[in-house]
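User: Pick one spot in this model and take me through it slowly. I'd like to know what surrounds it, and how that links up with the rest of the fold.

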Amino acid sequence: MLEALIIEPKEDTPKVVLDATNKVFQISSRSLPENAIGFYEPVLKWLNDYSESPLDITVFDFTLEYFNTASAKQIAKILLVLEKIAKKQNVAINWHYKKEDSDMLSSGTRFSKLIDLNFSFIEY
């Protein structure tokens, strides 16, 4: 089993928890790092390693308040890795959004149309 990857949030970067042992896969808070590729590189590496031997069910929670365009590209890459995992095992995406945040709902809806994964939209 892979060692958990936990990145604590900062002002411009999200919290990331990738923990197969405890079945927790989540990205939350705000994502607008200056170097999105560099920030998400270990996340994508971890997910690619995880894709070699994923759990039977992977439930990935996105609870983002805001993300910039550069982060959107990296989120799409994450979803593409999850789509690859879904060819072997079950993968579900929980896309959380604030009730008044129609932009975040729209972003999730766009991703759900581009990526072949089971999305649930959860208002909070």
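Analyst:
**A spot on strand S4**

Setting aside neighbours within four places in sequence, Thr58 touches Phe25, Tyr50, Asn90, Val91 and Ala92. Keep in mind that this is a predicted model. Thr58 sits in strand S4, which covers residues 57–67. Thr58 counts as buried because its relative accessible area is 0%, and the cut-off for that label is under 20%.

One of those neighbours deserves a second look. The side chains of Thr58 and Tyr50 make a polar contact, at 2.6 Å. Tyr50 takes us straight to helix H1, which runs over residues 36–50, and Tyr50 is among the buried residues of that helix.

So what does H1 look like? H1 has 15 residues and reaches 21 Å from its first C-alpha to its last, close to the 21 Å expected at 1.5 Å a residue. Still, H1 has a kink of about 30°, centred on Pro42. Its buried residues are Ala36, Phe39, Tyr40, Val43, Leu44, Trp46, Leu47 and Tyr50. As for what lies over them, the cover includes strands S1 (5–7), S2 (15–19) and S3 (24–31), along with S4 and helix H2 (69–86).

Now for the sheet itself. It's an open one of 6 strands, in the order S1-S2-S3-S4-S5-S6, with mixed pairing. S1 and S6 (118–123) are the edge strands, each pairing on one side only. From one strand to the next, the twist averages 15°. H1 packs on this sheet and touches S1, S2, S3 and S4, with its direction at about 15° to that of S2.

At the S1 end, S1 and S2 run antiparallel and are joined by 3 bridges. Ile7 stands opposite Val16 of S2 there.

S2 also holds Leu18, a handy second reference point. Leu18 is buried too, since its relative accessible area is 0%. Beyond four places in sequence, its contacts are Ala4, Leu5, Val24, Phe25, Gln26, Val43, Trp46, Leu47 and Phe60. Val43, Trp46 and Leu47 appear among the buried residues of H1, and Phe25 is the residue we met earlier in contact with Thr58. For scale, Leu18 and Phe67 lie 49 residues apart in sequence and 19 Å apart in space, C-alpha to C-alpha.

Back at the starting point, then: Thr58 is a buried residue on S4, with its side chain in polar contact with that of Tyr50.

Conventions: Residues are numbered from 1 along each chain as its sequence is written. This is a predicted model: local features need pLDDT of at least 70, side-chain atom pairs count only at pLDDT 80 or more; totals for chains, interfaces and linings use all residues. Side-chain values use heavy atoms; hydrogens and water are left out. Helices (H or I, at least four residues) and strands (E, at least two) are DSSP runs, numbered from the N terminus. Buried means under 20% relative accessible area, exposed over 50%, partly exposed in between (1.4 Å probe, protein chains only). A polar contact is a pair of N or O atoms within 3.5 Å; within protein, one must be able to donate a hydrogen and the other to accept it, and residues adjacent in sequence count only if both atoms are side-chain atoms. Contact means heavy atoms within 4.5 Å. The expected span of a helix is 1.5 Å times one less than its number of residues. The bend at a residue is the angle between axes fitted to the seven residues ending there and the seven starting there. Two strands pair if DSSP finds at least two bridges between them. Axes are lines fitted to C-alpha atoms, for helices over the stretch in contact, and angles run from 0 to 180 degrees between N-to-C directions.
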